[in-house]
Amino acid sequence: MIDSVHGEVLSIGLDHAVIECAGVGYRFLATPPTLATLTRGETTRVFTSMVVKDDGVTLYGFADDDARGMFHRLQTVSGLGPKLALAALAVFSPAELATHIVAGDAKTIQSIPGVGKKMAERIALELKDKMEGMYPAEAGTGTAASPGAGAPASASGASFATEQVVEALVGLGFPERSARAAVDKIAADNEGADSSALLRLALNHLGKK
């Protein structure tokens, strides 16, 4: 079991990053909030969870143990796997998600891509007792970003950036039509924002719908 990786950040994508440890590059999937804490070329530590399935081994990375703990707890819900757990943490911070679960707010939980009414109710029912008092109150959302975060995108690269973001959102489980509409709106309102900033803003927008 790989509990964490510590080393130089080699690359950062929209849904993953690579950290080199002792000459080995470890690629892990992560949410935009976690990826936003990384800087290419800097040395850092990322908490990890390794999921082994018949079709391969996948490493998931987290900025802190709260996020990893929520990732594990979500998967104790019947029918909820690692992909859906990661999508939940892309939309909500651990504290925000815990608040909605304790309140039994299934409607808000349904804003997680891939989570329907029955699954949302199941999450609230099965995790409520496990969440009470576990996470401190947190102001704001875990997915918001300032419009100018990251390096600005050039006019010629704007279309490519929006396509990257749409692809990342679809990968998280959002319908392509909803993802494209959200990205087009966010891109129009935040000219010059790079793909990472657009993704975080789009997630924040979709999470409120």
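Read along the sequence, the chain of this predicted model follows the pattern β-β-β-α-β-β-α-α-α-α-α-α-α-α. The chain holds nine helices and five strands. Of its 209 residues, 44% are buried. Among the contacts with a separation of 6 or more, 58% join residues that are 24 or more positions apart. The accessible surface of the chain amounts to about 10500 Å², and carbon and sulfur atoms account for 51% of that area.

The pairing of the strands may be described beginning with strand S1, which spans residues 4–12. S1 pairs with S2 in the antiparallel sense, over four bridges. These two strands form a hairpin, with three residues between them. Within this pairing, Glu 8 has Glu 20 in S2 as its bridge partner. S1 also pairs with strand S4 (residues 43–53), again in the antiparallel sense, and here five bridges are found. Val 5 has Val 46 in S4 as its bridge partner. S4 in turn pairs with strand S5 (residues 56–62) through seven bridges, and this pairing is likewise antiparallel. A hairpin of two residues leads from S4 to S5, and Met 50 stands opposite Leu 59 in S5. In a regular strand, side chains alternate between the two faces of the sheet.

One residue of S4, Ser 49, illustrates how a strand residue can be linked to other parts of the chain. Ser 49 counts as buried because its relative accessible area is 7%, which is under the cut-off of 20%. The side chain of Ser 49 makes a polar contact with the side chain of His 72, at 2.9 Å. When neighbours within four places in sequence are left aside, the residues in contact with Ser 49 are Ile 2, Thr 58, Leu 59, Tyr 60, Phe 62, Phe 71 and His 72.

Two loop residues show opposite degrees of exposure. Ala 22 lies in the loop between strand S2 (16–21) and S3. Although Ala 22 is not a glycine, it has a positive phi of about 55 degrees. Its relative accessibility is 86%, and Ala 22 therefore counts as exposed, the cut-off being over 50%. Thr 31, by contrast, is placed in the loop between strand S3 (24–29) and helix H1 (32–35). Thr 31 counts as buried because its relative accessibility is 6%. Apart from neighbours within four places in sequence, Thr 31 is in contact with Leu 86, Leu 89 and Ala 90.

These three partners of Thr 31 are among the buried residues of helix H3. In H3, nine of the 10 residues are buried, so the helix is largely enclosed by the rest of the structure. The buried residues are Pro 82, Leu 84, Ala 85, Leu 86, Ala 87, Ala 88, Leu 89, Ala 90 and Val 91.

In soluble globular proteins, nonpolar side chains tend to be buried together. The largest nonpolar core of this model contains 50 residues, and Leu 74, Ile 123 and Leu 169 have the most contacts inside it. Helix H3 (residues 82–91) gives the most to this core, contributing eight residues. Apart from this core lies another, of 11 residues, which includes Cys 21, Phe 28, Ala 30 and Leu 35. Ile 123, one of the residues with the most contacts inside the largest core, touches Leu 74, Val 77, Leu 80, Ile 101, Ile 109, Val 115 and Lys 128, when residues up to four places away in sequence are not counted.

The UniProt record, an unreviewed entry, carries the annotation "domain: Helix-hairpin-helix DNA-binding motif class" for residues 72–91 and 107–126. In the model, the span 72–91 is 65% helix and 0% strand, with its end C-alpha atoms 16 Å apart. The span 107–126 is also 65% helix and 0% strand, and its end C-alpha atoms lie 16 Å apart.

Definitions and conventions:
Residues numbered from 1 in each chain as written. Predicted model: local features only at pLDDT ≥ 70, side-chain atom pairs only at ≥ 80, totals over all residues. Heavy atoms only, no water. Core = buried A, V, L, I, M, F, W, Y, C linked by side-chain atoms within 4.5 Å. Buried < 20%, exposed > 50% of the residue type's maximum accessible area, 1.4 Å probe, protein only. Contact = heavy atoms within 4.5 Å. UniProt positions renumbered as here; feature names shortened; annotations may be inferred. Pairing = 2+ DSSP bridges. Areas by Shrake-Rupley, 256 points an atom, 1.4 Å probe, with all protein chains shown as cover. Polar contact = N/O pair within 3.5 Å; in protein donor to acceptor, adjacent residues only side chain to side chain.
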